[in-house]
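Reader: I would like to learn how to read a single-chain model, starting from one residue and working outwards. Please take the features one at a time.

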Amino acid sequence: MILDEVRAHGVERLVEPGLYREAMSRLVAAVHVVTTQGPAGRAGFTATAVASVSDSPPTLLVCLNRRIRSAGAFRQSGSFAVNLLSGEQQAVAESFGGRLSLAGEQRFSVGHWREGTLGVPCLEGAVAVFECALIESRTIATHDVLVGRVEAVTLGPDREKLAYVGRGYKVV
Ligand SMILES: Cc1cc2nc3c(=O)[nH]c(=O)nc-3n(C[C@H](O)[C@H](O)[C@H](O)COP(=O)(O)O)c2cc1C
């Protein structure tokens with residue numbers, strides 16, 4: 001039992017990471033692919049940890065695990081794109097999700113990609129694409145929180161979206 005394990009750790013560590021992950025697995029999260037154009041070419045990763053910060057000016061944040069191979073590309077590039085996936089784009093999420101051992105440019109063989117106004121890779125047919133200038137990056141625990149000012153938005157068809165919940169993809 002997870003709760004027994006938690007109690008065994010004592011009061012100093014009430015929220016054990018496994019319990020936290022279990023609770024977070026119940027969150028219905030939208031699936032995005034976050035991309036950039038780094039010094040060594042295009043890079044990207046699948047992300048659910050994306051949130052709106054403000055609409056004045058339009059600002060969002062992305063949480064990037066610092067161990068991801070392309071983390072350096074995101075640090076060095078001044079811009080990135082957040083591609084919100086449709087229900088038909090699960091294959092794109094899988095290509096960028098880190099479980100198929102595809103790296104860098106290989107990941108872009110799935111989906112149709114164009115260069116956006118900031119020079120970052122934008123996914124055709126995405127529900128929405130937010131092109132961002134990186135205005136702040138803060139390291140918190142294992143992740144870099146990237147704060148982006150939204151410089152351009154492309155609206156795709158308002159069709160079914162791809163979600164991730166219970167450790168699996170769902171179309172909602
Ligand atoms: C559904 C899903 C959501 C994910 N969300 C995030 C996220 O929000 N932030 C993050 O850093 N990694 C997230 N990941 C993991 C990264 O996509 C993965 O670690 C990365 O693609 C690995 O890249 P690498 O093989 O080049 O190191 C998620 C993976 C999946 C499948």
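Reader: Where is the place of Ser 86?

Author: Begin with the secondary structure on either side of a residue. This is a predicted model, and in it Ser 86 sits in the loop between strand 6 and helix 4 (90–95).

Reader: Is Ser 86 buried or exposed?

Author: Look at the relative accessible area, where under 20% counts as buried. Ser 86 has a value of 0%, so it is buried.

Reader: Leaving aside neighbours within four places in sequence, which residues is Ser 86 in contact with?

Author: A contact list that skips sequence neighbours shows what the fold brings to a residue. For Ser 86 the list holds Gly 125 and Val 127, together with Arg 159, Glu 160, Lys 161 and Leu 162.

Reader: The loop of Ser 86 follows strand 6. Which strand do 4 bridges join to strand 6 (residues 79–84)?

Author: For a strand, read the partner, the direction and the number of bridges. Strand 6 is joined to strand 2, and the two run antiparallel. One bridge in this pairing links Thr 35 to Ala 81 of strand 6.

Reader: How many bridges does strand 2 form with strand 3 (residues 41–47)?

Author: There are 7, again in the antiparallel sense. A hairpin of 2 residues connects strand 2 to strand 3. Thr 35 appears here too, standing opposite Gly 44 in strand 3. Thr 35 therefore has a bridge partner in strand 6, Ala 81, as well as Gly 44 opposite it in strand 3.

Reader: Why is strand 2 (residues 32–38) described as largely enclosed by the rest of the structure?

Author: Count the buried residues along the strand. In strand 2 that is 6 of the 7, so the rest of the structure largely encloses it.

Reader: What share of the 172 residues of the chain counts as buried?

Author: The share is 40%. Turning to the outside, the chain exposes about 9,700 Å², with carbon and sulfur atoms supplying 55% of that area.

Reader: How does the radius of gyration of the chain agree with that of a compact globule?

Author: Compare the value with the one expected for the chain length. A compact globule of 172 residues would be near 16 Å; the chain has 17 Å, which agrees. The C-alpha trace spans about 55 × 35 × 30 Å along its principal axes.

Reader: What secondary structure makes up the chain?

Author: It comes to 4 helices and 12 strands. Of the contacts with a separation of 6 or more, 62% are between residues 24 or more positions apart.

Conventions:
Residues numbered from 1 in each chain as written. Predicted model: local features only at pLDDT ≥ 70, side-chain atom pairs only at ≥ 80, totals over all residues. Heavy atoms only, no water. Rg over C-alpha atoms; globule rule 2.2 N^0.38 Å. Buried < 20%, exposed > 50% of the residue type's maximum accessible area, 1.4 Å probe, protein only. Contact = heavy atoms within 4.5 Å. Areas by Shrake-Rupley, 256 points an atom, 1.4 Å probe, with all protein chains shown as cover. Pairing = 2+ DSSP bridges.
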